[in-house]
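Thanks for coming. I'll take a few minutes on one structure, so please have it open in front of you.

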Amino acid sequence: MNEPSNPTGTFDAPLLDGVTAGTLRLQRCASCGHIPNYPRIACPRCFQPLEWFNASGTGTIQTHSILQRTHSHHYNEHLPIVLTRIKLQEGAEMISTLIGANRLDVKIGARAHFAGAHGWSTLPQFSLNSDVELLIRDHRAKHRHSR
Amino acid sequence: MLDQFVPAMRDYLGPHGFGGANGLFALIQTEHAHRYGTTREQLGQVAVTFRDHALLNPNALFKKPLALEQHLNARPIAEPLHLYDCVMPCSGAEAVLVVDADLARSLGRPPVRMLGMGERHNAHPESSSSLEPGFDQFADQLFSQAGLGPDDIDVVELYDDYPIMVAIQLEQYGFCKTGESGRYLEQTSLSIHGDLPTNTGGGQLSCGQSGAGGGMIGVVEAIQQLQHEADERQVSHARRALVSGFGLVSYGKGLSTAGMIIERAE
């Protein structure tokens with residue numbers, strides 16, 4: 001079986017490109033200000049065009065599940081997968097997964113931080129660690145590679 | 001299958017290894033437990049009771065009894081969901097004939113008529129959760145259309161992809177208050193011979209979920225109950241039933257809810 005593809009159109013490229021670049025991008029309606037929970041082709045509230053913007057990357061855990069089994073064997077190497085719904089600072093409710101050794105410590109109400117380019121998914125993932133710790137790790141990793 | 005079901009799920013959940021419906025409904029149970037204290041023991045009653053009913057149903061795929069201990073100790077799938085919380089897909093088919101009442105009588109079958117129906121789709125467009133699926137937006141109108149209340153219902157067939165959704169439907173239709181389904185399940189027997197006979201054929205949890213056709217299982221079982229053709233599963237004096245449907249799971253929630261009340265007409 002082939003690896004599951006993510007056959008998106010071009011409209012959500014900013015989201016996926018953002019992950020690679022280490023930026024969490026969300027859409028906002030230019031007309032009513034609504035921020036959808038996942039990429040949409042038009043504002044689901046008023047149907048006007050949406051604009052991409054760089055989001056803060058922080059949110060709060062609303063709920064979670066630790067997956068011992070997943071829906072496709074291609075993700076087995078990442079088990080246990082910590083699935084969560086995060087209420088982003090900007091208001092959107094994003095379903096995502098946590099990375100990091102401490103992801104099993106997930107609790108409702110905990111702060112979550114966009115994990116930038118450090119995740120294993122093509123989609124934005126989060127960490128219970130603060131950005132500073134990730135930045136330090138990233139900085140160290142970059143300097144290891146340049147020696 | 002589910003990861004190809006709708007684009008939002010395929011594109012924005014699939015690449016997370018989200019675990020399909022198991023993952024999404026685990027999120028619901030975690031949230032319900034956090035908000036209201038609902039326990040696995042309380043919800044376990046649903047799976048256990050429905051299995052008791054399935055043992056009386058020759059069409060059910062599951063043939064072995066299920067004890068609460070077994071349910072609680074089964075292997076975790078997407079915590080807090082364990083093995084027996086998760087509906088099993090299967091092949092299957094259900095069918096109903098809609099006929100003129102006089103024709104039914106002439107064939108010796110008591111007519112079953114619809115007293116009311118309601119549905120709501122995308123009840124909370126900006127939510128990514130099925131904690132509030134939408135049944136409550138039509139439940140009052142449904143009962144008043146039928147001229148009945150929850151106490152008048154003899155048989156209940158709820159959409160049981162997961163015990164937590166059974167609990168939420170009990171709340172949303174008004175059998176108990178929002179958030180109180182845990183305690184309600186402790187105090188109320190859902191058995192065929194109990195307080196509120198529910199999913200009297202074993203439901204999808206013990207019969208199997210025939211894909212998108214799964215919801216019809218409750219329609220067929222309710223009609224068999226009201227026509228007094230449910231053999232060993234028969235609820236005595238069954239006259240009125242509530243049948244509930246749910247689904248079209250997308251980004252974290254089921255988009256569709258529907259319900260009907262039917263009655264045996266003499």
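Which residues in the largest nonpolar core touch the most other members? Before I answer, note that this is a predicted model. The residues are F126(A), F25(B), L170(B), Y173(B) and I261(B), out of 80 in that core. That list names residues from both chain A and chain B. As background, nonpolar side chains in soluble globular proteins tend to be buried together.

Take Y173(B) from that list and look at what surrounds it. Leaving aside neighbours within four places in sequence, Y173(B) is in contact with F135(B), F138(B), A139(B), L142(B) and F143(B), among others. Its contacts also include P150(B) and L158(B), and further along the chain L242(B), V243(B), S244(B), A258(B) and G259(B). There is also a second core, separate from that one, with 12 residues. Among its members are V155(B), V219(B), I223(B) and I262(B).

Now chain A by itself. What is the order of helices and strands along the sequence? Chain A runs α-β-β-β-β-β-β-β-α, which is 2 helices and 7 strands. Of its 147 residues, 44% are buried. If you take the contacts in chain A with a separation of 6 or more, 51% of them are between residues 24 or more positions apart. The accessible surface of chain A is about 7,600 Å², and carbon and sulfur atoms account for 50% of that.

Next, the interface. How many residues of each chain take part in the contact between chain B and chain A? On the chain B side there are 32, and on the chain A side 38. Together the two chains bury about 3,000 Å², with 57% of that area coming from carbon and sulfur atoms. Three residues, Y12(B), H16(B) and L27(B), supply 25% of the area that chain B buries against chain A, more than any other three.

On the polar side, 19 residue pairs are in polar contact across the interface, counting pairs with both residues at pLDDT 80 or more. The count of salt bridges between the two chains is 2. One of them joins E31(B) to R85(A), with the closest N and O atoms 2.7 Å apart.

Which elements of chain B supply at least two residues each to the side that touches chain A? They are α1 (7-12), α2 (20-36) and β1 (76-78). Of the elements in chain B, α2(B) gives the most to that side, with 8 residues.

That is what I have for today.

How values were computed. Residues numbered from 1 in each chain as written. Chains lettered and ligands numbered in written order. Predicted model: local features only at pLDDT ≥ 70, side-chain atom pairs only at ≥ 80, totals over all residues. Heavy atoms only, no water. Core = buried A, V, L, I, M, F, W, Y, C linked by side-chain atoms within 4.5 Å. Buried < 20%, exposed > 50% of the residue type's maximum accessible area, 1.4 Å probe, protein only. Contact = heavy atoms within 4.5 Å. Helix = DSSP H or I, 4+ residues; strand = E, 2+ residues; numbered from the N terminus. Areas by Shrake-Rupley, 256 points an atom, 1.4 Å probe, with all protein chains shown as cover. Buried area = accessible area lost by both parts, 1.4 Å probe. Salt bridge = Lys/Arg side-chain N within 4 Å of Asp/Glu carboxyl O. Polar contact = N/O pair within 3.5 Å; in protein donor to acceptor, adjacent residues only side chain to side chain.
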